[in-house]
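Visitor: I would like to learn how to read a protein model feature by feature. Where do we start?

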Amino acid sequence: MVDELKVLRDQIDEVDQQLVELFAKRLKLVAGVGEVKSRHGLPIYAPDREAAMLARRRAEAQAQGVPPDLIEDVLRRFMRESYASEKDTGFKCVNPTLGKAVVIGGGGQLGGLFAHLLTLSGYQVVVLEKDDWSRADTLLADAGLVMIAVPIDQTVAVIERLPTLPADCLLVDLTSVKSEPVAAMLKAHTGPVLGLHPMFGPDVSSLAKQVIIHCDGRGAEQYEWLLAQIRIWGARLQPVPAEEHDEAMSLVQALRHFTSFAYGAHLCAEGADLAKLLRLSSPIYRLELAMVGRLFAQDPALYADIILSSPRNLAMIRRYHRRFGELLDQLESGERAAFVRQFESVSEFFGDYADTFLKESRLLLAQANDSRHHTD
């Protein structure tokens, strides 16, 4: 039996080596694709091409008795790596006559990311930090773009502190709240104004498929070049009015972050043995614990600012707290039938999304399980 296994394992090792060689060849070809895209100003992410390629590979896999999901999983992982490497070739500059792009707060993580992307796109980038305000008039005098990437609680104050900008300068902020910053920019500047909210952290390897919300301020025809540049970077743009954005973020960010914080705080207060929980966990609990735990590996001030950025956030959390209590009262009274009716009502609310989320989560759960390494 040992000899038979050795022969088979040696053959598997040989195939694996061939796969590594093919992977290396594919990455070299991707580098060539990135260079062509850079020269012609094509976006990193081409959804139609990706969908068509995956459909063909799935059909070919099916014909050869290979699980199509396996091939798609491998290729998607490859594409993620490809998107990350394509940015290293740089990007076409959409607005070569722009002049200076000044990133206020460009020394921070998010501001630094956008300063880097602008630099890769051929723009002259200047970073303005809090110690540079004595030279702000000079640094901003001939700017074609001013991008504000400072903490939420400082954004409006920084906007109000700006000197008079050139009339055609585009003023942009990257804050996760939009109504107040956009209003402040419109008051402080007579030229084009745009609110942006990147829906990702600064540690992303690529903007491919990442969502950036944009809120109109003034002069759409004068900021369209920046949206075109962002599309080249691979991001997906979602236009939303500032007020609607802030309403949605009460659920998307504030409530979600608070519930993660509350669950982590409860684990801490209970003195939970995290190592034991991980050993005993199902894939879905491991994934949930990972999403809670990642919150506490980041800057607490950022999340405090997000949650406290608007009274509507606290009102949303208060309503959630009340509903949590109502459902708990229902359970304590032993109303099993009421729980089932409530469950069915919420299931009806989710509709087809419930099945969609079930399918999407299966892949995430499989990946969470694959990452486990048992030593016992």
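Guide: We go from the overall fold to salt bridges, then to open and closed spaces, and last to the surface. Keep in mind that this is a predicted model.

Visitor: What are the overall dimensions of the C-alpha box, and how many helices and strands are there?

Guide: Start with the box along the principal axes. Here the C-alpha atoms fill roughly 80 × 65 × 35 Å. Then count elements. The protein has 15 helices and seven strands. Then check burial. Of the 376 residues, 36% count as buried.

Visitor: Which residues does the UniProt domain annotation cover?

Guide: Residues 99-361. The record, an unreviewed UniProt entry, labels them "domain: Prephenate/arogenate dehydrogenase". Such annotations may be inferred rather than shown by experiment. Over residues 99-361 the chain is 59% helix and 14% strand. The C-alpha atoms at the two ends of that range are 46 Å apart.

Visitor: Now salt bridges. How many does a search of the whole structure find?

Guide: The search finds 16. The cut-off is a Lys or Arg side-chain nitrogen within 4 Å of an Asp or Glu carboxyl oxygen. For each pair, read the distance, the sequence separation and the exposure. Take Glu35 and Arg39. Their closest N and O atoms are 2.6 Å apart.

Visitor: How far apart are Glu35 and Arg39 along helix H1?

Guide: About one helical turn, because they are four residues apart in helix H1. Glu35 counts as partly exposed, at 34% relative accessibility.

Visitor: Which elements hold the Arg76 and Glu50 pair?

Guide: First the contact: the side chains of Arg76 and Glu50 meet in a salt bridge at 3.1 Å, N to O. Arg76 sits in helix H3 (residues 68-86), and Glu50 in helix H2 (residues 47-63). The pair links distant parts of the chain, 26 residues apart.

Visitor: Is Glu50 buried or exposed?

Guide: Buried. Its relative accessible area is 6%, and buried means under 20%. Arg76 is partly exposed, at 32%.

Visitor: Which residues share a salt-bridge network with that pair?

Guide: A network is read by following one bridge to the next. Glu50 and Arg76 are linked in a network with Arg58, Asp69, Glu72 and Lys209.

Visitor: What is the N to O distance between Glu247 and Arg312?

Guide: The closest N and O atoms of this salt bridge are 4.0 Å apart. Glu247 lies in helix H9 (residues 242-270) and Arg312 in helix H13, so the bridge ties together parts 65 residues apart in sequence. Both residues are partly exposed: Glu247 at 45%, Arg312 at 27%.

Visitor: On to empty space. How many cavities of 30 Å³ or more are there?

Guide: One. A cavity is closed: the probe fits but cannot get out. The largest cavity has a volume of about 50 Å³. Twelve residues line it, with Lys37, Ser38, Leu42, Gly90 and Phe91 nearest its centre. Helix H1 (residues 2-40) provides the largest share of that lining, three residues.

Visitor: And a pocket? What is the volume of the second largest one?

Guide: A pocket is open. The second largest has a volume of about 440 Å³. Its lining has 15 residues, and nearest the centre are Phe23, Arg57, Ile71, Val74 and Leu75. H1, H2 and H3 are the elements that each give two or more residues to this lining. H1 gives the most, with five.

Visitor: Last, the surface. Which residues make the nonpolar patch?

Guide: Look for exposed nonpolar side chains that sit together. Here Tyr320, Phe324, Leu328, Leu331, Phe339, Val340 and Phe343 make a patch of about 680 Å². Helix H13 (311-332) and helix H14 (336-350) are the elements that give two or more residues. H13 has the largest share, four.

Visitor: Why can Val340 count towards that patch?

Guide: Patch residues need over 30% relative accessible area. Val340, in helix H14, qualifies on that cut-off because its value is 31%. Val340 is partly exposed.

Visitor: Where does Thr164 lie?

Guide: In the loop between helix H6 (152-161) and strand S4 (170-173). Thr164 is exposed, at 77% relative accessible area. Compare sequence and space as well: Thr164 and Thr190 are 26 residues apart in sequence and 9.0 Å apart in space, C-alpha to C-alpha.

Key: Residues are numbered from 1 along each chain as its sequence is written. This is a predicted model: local features need pLDDT of at least 70, side-chain atom pairs count only at pLDDT 80 or more; totals for chains, interfaces and linings use all residues. Side-chain values use heavy atoms; hydrogens and water are left out. Patches are made of residues with over 30% relative accessible area and no salt bridge: like charges are joined within 9 Å, nonpolar side chains (Val, Leu, Ile, Met, Phe, Trp, Tyr) within 5 Å. Accessible areas come from the Shrake-Rupley method with a 1.4 Å probe; for residues, only the protein chains shown count as cover. Buried means under 20% relative accessible area, exposed over 50%, partly exposed in between (1.4 Å probe, protein chains only). On a 1 Å grid over the protein atoms alone, a cavity is a set of points where a 1.4 Å probe fits but cannot get out, and a pocket is an open set with protein on both sides within 12 Å along at least five of seven lines; lining residues have an atom within 4 Å of a point. Grid points are joined across faces, edges and corners, and a volume is the space filled by probe spheres set on the points.
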